[in-house]
Amino acid sequence: MAKHIIFLRGVNVSGKNSIKMQDLKLFLTDAGFDGVMSYIQSGNIVLSSPLSKKEVKSAIHQLIQEKLGLDIEVFVVTGEELNQALLNNPFQAEHEPNRLFITFLSDRPSTDLINKLQEKDHGREEFQLINNMLYFYLPEGMAKSKMNNNYFEKALKIKATGRNLNTVQKLASLIR
């Protein structure tokens, strides 16, 4: 059975899309997923399944709709993909991990949209796109930033969800 990391987009943020992780863990276990663990209350789950990534995504999306009545974007990443995302991090040595975000994209954005985004002035904020991963650094923190998931989704016309480096590293440790 393969281990999968599940990222739910936009749950338990500002009182929207409220999901109790304990309830979700029970639903997932009852649905046949093994070793279900959650990390913090922002939609991070580790589980094992013989299903493919696509099948896991579909099953979890459907389960959340049926049990909780929510239409949540589900991102599924394998342990190998998560470790590769950490290895590819272009900002590793010089940036604070709680201000560095790794964002998982639903698709590869078009080159035209990437170029338009790169042409904008982002001040001291930085981003880099490597393969299907977006890395961005916010020296002043998220609260004062222009860059966030909504910003990148709108600019790149894709779905995205991100976590700070501390969270991604913790999830990687949970799958080892």
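Helix α5, which spans residues 149–156 of this predicted model, is mostly covered, since six of its eight residues are buried. The buried positions are N149, Y151, F152, E153, A155 and L156, and the elements that cover them include β5 (100–105), α4 (111–119), β6, β7 and β8 (160–164).

One of the residues in the covering helix α4 is L117, and its surroundings show how α4 meets α5. With a relative accessible area of 2%, L117 falls under the 20% limit and is therefore buried. Apart from residues up to four places away in sequence, L117 touches H122, F127, Y151, F152, A155 and L156. Of these partners, Y151, F152, A155 and L156 also appear among the buried residues of α5. The C-alpha atoms of L117 and A155 are separated by 6.7 Å, although the two residues lie 38 positions apart along the chain.

F127, another contact of L117, belongs to strand β6, which covers residues 126–130 and has side chains that alternate between two faces. F127 and L129 point to one face and are buried, whereas E126, Q128 and I130 point to the other face and are not buried. Strand β6 pairs with strand β7 (residues 133–137) in the antiparallel sense, over five bridges, and within this pairing Q128 of β6 has Y135 of β7 as its bridge partner. Both β6 and β7 are included in what covers the buried residues of α5.

The hairpin of β6 and β7 has two residues between its strands, and N131 takes a positive phi there. Most residues other than glycine have a negative phi. N131 is not a glycine, yet its phi is about 55°. N131 is found in the loop between β6 and β7 and counts as exposed because its relative accessible area is 54%, which is over 50%. K157 likewise is not a glycine and has a positive phi of about 55°; K157 is found in the loop between α5 and β8, and with 64% relative accessibility this residue too is exposed.

Two further pairings involve strands that come earlier in the chain. Strand β1 (residues 2–8) is joined to β4 by five bridges, and the two run antiparallel, with F7 standing opposite F75 in β4. Strand β4 covers residues 74–78, and because four of its five residues are buried, the strand is largely enclosed by the rest of the structure. Strands β2 (residues 34–39) and β3 (residues 44–49) also run antiparallel and are joined by four bridges, and D34 has S48 in β3 as its bridge partner. The hairpin that these two strands form has four residues between them, and I40 takes a positive phi near 50° in it.

The antiparallel pairings described above are set side by side here.

| Strand pair | Bridges | Facing residues |
|---|---|---|
| β1 and β4 | five | F7 and F75 |
| β2 and β3 | four | D34 and S48 |
| β6 and β7 | five | Q128 and Y135 |

The hairpin of β2 and β3 also has a link to the last helix. T167 has its place in helix α6 (residues 165–174), and T167 counts as buried because its relative accessibility is 8%, under the 20% limit. Leaving aside residues up to four places away in sequence, T167 touches Y39, I40 and N44. I40 is thus both a contact of T167 and the residue with a positive phi in the hairpin of β2 and β3.

For the chain as a whole, the secondary structure comes to six helices and eight strands, which follow one another from the N terminus in the order β-α-β-β-α-β-α-β-α-β-β-α-β-α. The radius of gyration is 16 Å, which agrees with the value near 16 Å for a compact globule of 176 residues, while the C-alpha atoms fill a box of roughly 50 × 30 × 30 Å along the principal axes. Buried residues make up 45% of the 176 residues. Among contacts with a separation of 6 or more, 69% are between residues 24 or more positions apart. The protein chain exposes about 9,300 Å², of which carbon and sulfur atoms supply 47%. Its side chains include 22 positive and 19 negative ones, and the centres of these two sets lie 4 Å apart.

Definitions and conventions:
Residues are numbered from 1 along each chain as its sequence is written. This is a predicted model: local features need pLDDT of at least 70, side-chain atom pairs count only at pLDDT 80 or more; totals for chains, interfaces and linings use all residues. Side-chain values use heavy atoms; hydrogens and water are left out. The radius of gyration is taken over C-alpha atoms; the globule rule is 2.2 Å times the number of residues to the power 0.38. Buried means under 20% relative accessible area, exposed over 50%, partly exposed in between (1.4 Å probe, protein chains only). Contact means heavy atoms within 4.5 Å. Accessible areas come from the Shrake-Rupley method with a 1.4 Å probe; for residues, only the protein chains shown count as cover. Lys and Arg count as positive and Asp and Glu as negative; His and the chain ends are not counted. The place of a charge is taken as NZ of Lys, CZ of Arg, CG of Asp or CD of Glu. Two strands pair if DSSP finds at least two bridges between them.
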